Amino acid sequence: VSTQSTGTAGAVMKMDPLLKVQMAMKNDIDVFYFECIVPSYVLFIEDGNIGMNMFPQTWREIPDEKESQFTLNPLNKSPEQVEQVLNANNLFVVATRKGGNGETLIFISLKFTNGIWVLGELRLSGGGAPPNLSLKTHTVAAIPEVHSAIQIILDA
């Protein structure tokens, strides 16, 4: 069995939906073509930690119109458990800040295999209120996919 894959260093065709992957498999009989939707979190890579020194500067450099905000499902996890789950899925916790009224701000960064960076701010409120998520990136097409991935990861 041999496999051949293309890297993401060259040109990549934009798919609709964004994470549709088309594949071909050749054997002695014929070539079979198929496609599937890949969950975005499998494309987050291990060097996605932008670091606290670069996070504020990069956040400010991304225009406000490239930011989206979401309310997530309520969580049954402590802030420490949320950090562990995020880090385990290549959503890197850059910094955590405690605020008043039991609020916790978690600053996250991630990087896709094709080099797209996404920065986030996850606001956990005390008292069981649903968390709020702000995402910023130069590639706004990635925002819905990252939002969905974070929701799936935190709900697990």
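**Exercise 1. Against which elements do the buried residues of α2 pack?**

*Preliminaries.* This is a predicted model, in which local features need pLDDT of at least 70 and side-chain atom pairs count only at pLDDT 80 or more, while totals for chains, interfaces and linings use all residues. Residues are numbered from 1 along each chain as its sequence is written, and side-chain values use heavy atoms, with hydrogens and water left out.

*Solution.*
Step 1. Helices (H or I, at least four residues) and strands (E, at least two) are DSSP runs, numbered from the N terminus.
Step 2. Pro 79, Val 82 and Leu 86 are the buried residues of α2; buried means under 20% relative accessible area, exposed over 50%, and partly exposed in between (1.4 Å probe, protein chains only).
Step 3. These residues lie on the same side of α2, because they cover an arc of only 55° around the axis. The arc is that of the directions from the helix axis to the C-beta atoms.
Step 4. An α-helix has 3.6 residues a turn, so residues three or four places apart point the same way.
Step 5. On the other side of α2, Gln 84 and Ala 88 are exposed.
Step 6. The buried residues of α2 pack against β4, β5, β6 and α3, where contact means heavy atoms within 4.5 Å.

**Exercise 2. Determine the order of the strands in the open sheet and identify those at its edges.**

*Solution.*
Step 1. The order of the 5 strands is β3-β7-β6-β5-β4, with antiparallel pairing; two strands pair if DSSP finds at least two bridges between them.
Step 2. β3 (67–71) and β4 (92–98) each have a single partner strand and stand at the edges, so one side of each is left without a neighbour in the sheet.
Step 3. As one pair, β6 (residues 117–124) and β7 (residues 132–136) are joined over 5 bridges. Gly 120 stands opposite Leu 135 in β7.

**Exercise 3. State which element gives the most residues to the largest nonpolar core.**

*Solution.*
Step 1. A nonpolar core is a set of buried Ala, Val, Leu, Ile, Met, Phe, Trp, Tyr and Cys residues joined through side-chain atoms within 4.5 Å.
Step 2. The largest such core has 23 residues, and those with the most contacts inside it include Leu 86, Ile 106 and Val 146.
Step 3. Two or more residues come from each of α2, β5, β6, β7 and α3.
Step 4. The element sought is α3, which gives 6 residues.
Step 5. A second, separate core has 9 residues, among them Ile 50 and Phe 107.
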